[in-house]
Amino acid sequence: MRFYRMTGGIYKEVVYDNMRNVVSKFIGRNEKVLNPDLLILSNYYGFRVNVTNCFKGNEKGHVEGSVKIIRNQVFAEKYEFSNLSRLACIWRTAAENK
């Protein structure tokens, strides 16, 4: 939830791959039972859960491409800082240099 606070809001829709912590059970080729805890989380924060379809590599590629963008543009190379002021200084410098 710190991520949502940091980015200033909640997404309207979150796309997931068919991970075990997202899909509790597969019923046939297209039906899925979603993890009840994920449904509680999505109802509480008000986002839709969208799970990629099985055997649709193009959908998975889109999700993984989005993850790569987030990883490269949001997360820093350094993850430990002596204090929050140092983190803010490094963050500002990185934003100014983009």
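What percentage of the 98 residues in the chain do buried residues make up?

1. Burial and surface. The model under review is predicted. Buried residues account for 12% of the chain's 98 residues. The chain exposes about 8,200 Å², and 53% of that area is supplied by carbon and sulfur atoms.

2. Secondary structure. The chain contains 4 helices and 4 strands. Their order along the sequence is α-β-β-β-α-β-α-α. Of the contacts between residues at least 6 apart in sequence, 51% join residues at least 24 apart.

3. The β2-β3 hairpin. Strand β2, residues 23-27, pairs with strand β3, residues 31-34, in the antiparallel sense over 4 bridges. Within this pairing, K25 of the hairpin stands opposite V33 in β3. The two strands form a hairpin with 3 residues between them. In the turn, G28 has a positive phi of about 70 degrees.

4. The ends of helix α2. Helix α2 spans residues 36-45, and at its start a side-chain oxygen of N35 comes to within 2.7 Å of the backbone nitrogen of D37. Just after the helix, G46 adopts a positive phi of about 80 degrees. A glycine with positive phi is thus found just after α2, as well as in the turn of the β2-β3 hairpin.

5. The salt bridge. The structure holds 1 salt bridge. The partners are R48 and E13, whose closest N and O atoms are 3.9 Å apart. R48 belongs to strand β4 (residues 48-51) and E13 to strand β1 (residues 13-16), so the pair ties together parts that lie 35 residues apart in sequence. For a reader assessing the 3.9 Å separation, the relevant cut-off is 4 Å between a side-chain nitrogen of Lys or Arg and a carboxyl oxygen of Asp or Glu.

6. Exposure of E13. Is the acidic partner, E13, buried, exposed or partly exposed? Its relative accessibility is 36%, and E13 therefore counts as partly exposed. The limits that apply are under 20% for buried and over 50% for exposed.

7. Helix α4. This helix comprises residues 84-96, 13 residues in total. From its first C-alpha to its last, α4 reaches 18 Å, close to the 18 Å expected at 1.5 Å a residue. N83 caps the N-terminal end of α4, with a side-chain oxygen 3.1 Å from the backbone nitrogen of S85.

How values were computed
Residues are numbered from 1 along each chain as its sequence is written. Side-chain values use heavy atoms; hydrogens and water are left out. The expected span of a helix is 1.5 Å times one less than its number of residues. A polar contact is a pair of N or O atoms within 3.5 Å; within protein, one must be able to donate a hydrogen and the other to accept it, and residues adjacent in sequence count only if both atoms are side-chain atoms. Buried means under 20% relative accessible area, exposed over 50%, partly exposed in between (1.4 Å probe, protein chains only). Contact means heavy atoms within 4.5 Å. Accessible areas come from the Shrake-Rupley method with a 1.4 Å probe; for residues, only the protein chains shown count as cover. Two strands pair if DSSP finds at least two bridges between them.
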